[in-house]
Amino acid sequence: MTDNSDQHDSRGLRKLRGETDYDDWAMAAQARLGKRGLWDVVTVPRPARRELAVSDDERELELKRRIAQQAYEQSQKDQGIHTWGDGPLPVEQLGPVPSTRLERESEYNARVQKWLDRNKELWEELIPSLSAEGLNIARRVPASDGKAVWDALYARYGNITTASVVTVLDDLFTCKMHAGGRIKEHVAEWERVNLKAQRAGLDFSQNPVLQSYLFLRTLPDQFKPYAAIRYETGVEDPTAVYQGAIEFAKTSLNGEEADTSGQALWGEEIGRAHV
């Protein structure tokens, strides 16, 4: 029997239709690319040369080299054929062995090549999901450069504008658990809205207490006891708050699908958000 995860992987990314579904496409792409270990190619620039810590073996090798150099320089001095005068030997002026060193060319090239290989894998993931305008955008960047394709798509469809921020705020402040809804589905929707907010520059993960508080305000009246308990015990961990709401529905509301006909904890129905 074929494993379901294999079937999912074989389908690849969903098709990007254009600006109208870019946010949903990008969120699905982030999940798949994260699973494939390619998301950091999108978020992290091409590797630059870096400083590395000197290992114990490297330090010992350098000390041995200096001992040999000192013996040679002393021999030159004793024979009077040196050029550094009567002062200390040049090796004696080197100071202690450094604790860091610049990455060697071979090390750097190997790391860059690994990144390029993964960048090509990213390109191979993205291209089949594009059509029409998306493919035209991809043709304008270097071949096999997945990060360039992603950045170009973002520049076309995902740039933050006043209108897009207002749309995200609308989604955020009108998100609530509707009648007949399931708490797990509501949690998934809330997390989706938060991801959209994060991409629009509204990163509530930097303030987990606020994130938890806003979530609790989206729940219907049946969850008021749970919210009250959470306010007393702490809301510093949004994930724990979400999971707690799911468990509360199972144990206190007769199962996963609770009666949600009451008003959300916002109180009055919230209209469209205006900025």
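I take buried to mean under 20% relative accessible area, exposed over 50%, and partly exposed in between. The model I am reading is a predicted one.

**Positive phi**

I began with Ser144, which sits in the loop between H6 and H7. Its relative accessibility is 27%, so I enter Ser144 as partly exposed. I also noted the backbone: phi of Ser144 is positive, about 70 degrees, although the residue is not a glycine.

I then went to Ala132, in the loop between helix H5 (105–126) and helix H6 (133–139). Ala132 is another residue other than glycine with a positive phi, here near 50 degrees. Is Ala132 buried or exposed? I get a relative accessible area of 58%, so Ala132 goes down as exposed.

**Overall layout**

I counted twelve helices and two strands in the chain. In sequence order I wrote the pattern down as α-α-α-β-α-β-α-α-α-α-α-α-α-α. The chain has 275 residues, of which 37% count as buried. For the accessible surface I have about 16,400 Å², with 52% of that belonging to carbon and sulfur atoms. I also looked at contacts between residues at least 6 apart in sequence: 70% of these join residues at least 24 apart.

**Nonpolar cores**

I looked up the largest nonpolar core and found 26 residues in it. Those with the most contacts inside this core are Ile183, Trp190, Phe215, Leu216, Leu219, Phe223 and Ala245. Which elements give two or more residues to it? I listed helix H8 (162–174), helix H9 (183–199), helix H10 (208–216), helix H11 (224–233) and helix H12 (238–252). H12 gives the most, with six residues.

I followed Ala245 next. Setting aside residues up to four places away in sequence, I find Ala245 touching Ile183, Phe215, Leu219, Phe223 and Tyr226. There is also a second, separate core of 24 residues, with Leu33, Leu38, Leu122 and Val149 among them.

**Two buried loop residues**

Phe223 is placed in the loop between H10 and H11. I read 1% relative accessibility for Phe223, so this loop residue counts as buried. Beyond its neighbours within four places in sequence, Phe223 is in contact with Met177, Ile183, Ala245, Phe248, Ala249 and Leu253. For one of these partners I took the backbone distance: the C-alpha atoms of Phe223 and Ala249 are separated by 8.1 Å, and the two residues are 26 apart along the chain.

Asp21 is in the loop between helix H1 (4–11) and H2. How is Asp21 classed, buried or exposed? Its relative accessible area is 3%, so I class Asp21 as buried. With residues up to four places away left out, Asp21 touches Arg14, Lys15 and Leu16.

**Second largest pocket**

I closed with the second largest pocket, whose volume is about 170 Å³. Its lining is made up of Tyr22, Ala26, Gln30, Trp39, Val42, Thr43, Trp150, Asp151, Tyr154 and Arg199. Helix H2 (22–35), helix H3 (39–43) and helix H7 (146–158) are the elements that give two or more residues to this lining. Sorted by class, I have six nonpolar, two polar and two charged lining residues.

How values were computed. Residues are numbered from 1 along each chain as its sequence is written. This is a predicted model: local features need pLDDT of at least 70, side-chain atom pairs count only at pLDDT 80 or more; totals for chains, interfaces and linings use all residues. Side-chain values use heavy atoms; hydrogens and water are left out. On a 1 Å grid over the protein atoms alone, a cavity is a set of points where a 1.4 Å probe fits but cannot get out, and a pocket is an open set with protein on both sides within 12 Å along at least five of seven lines; lining residues have an atom within 4 Å of a point. Grid points are joined across faces, edges and corners, and a volume is the space filled by probe spheres set on the points. Helices (H or I, at least four residues) and strands (E, at least two) are DSSP runs, numbered from the N terminus. Ala, Val, Leu, Ile, Met, Phe, Trp, Tyr, Cys and Pro count as nonpolar, Asp, Glu, Lys and Arg as charged, and the others, Gly among them, as polar. A nonpolar core is a set of buried Ala, Val, Leu, Ile, Met, Phe, Trp, Tyr and Cys residues joined through side-chain atoms within 4.5 Å. Buried means under 20% relative accessible area, exposed over 50%, partly exposed in between (1.4 Å probe, protein chains only). Contact means heavy atoms within 4.5 Å. Accessible areas come from the Shrake-Rupley method with a 1.4 Å probe; for residues, only the protein chains shown count as cover.
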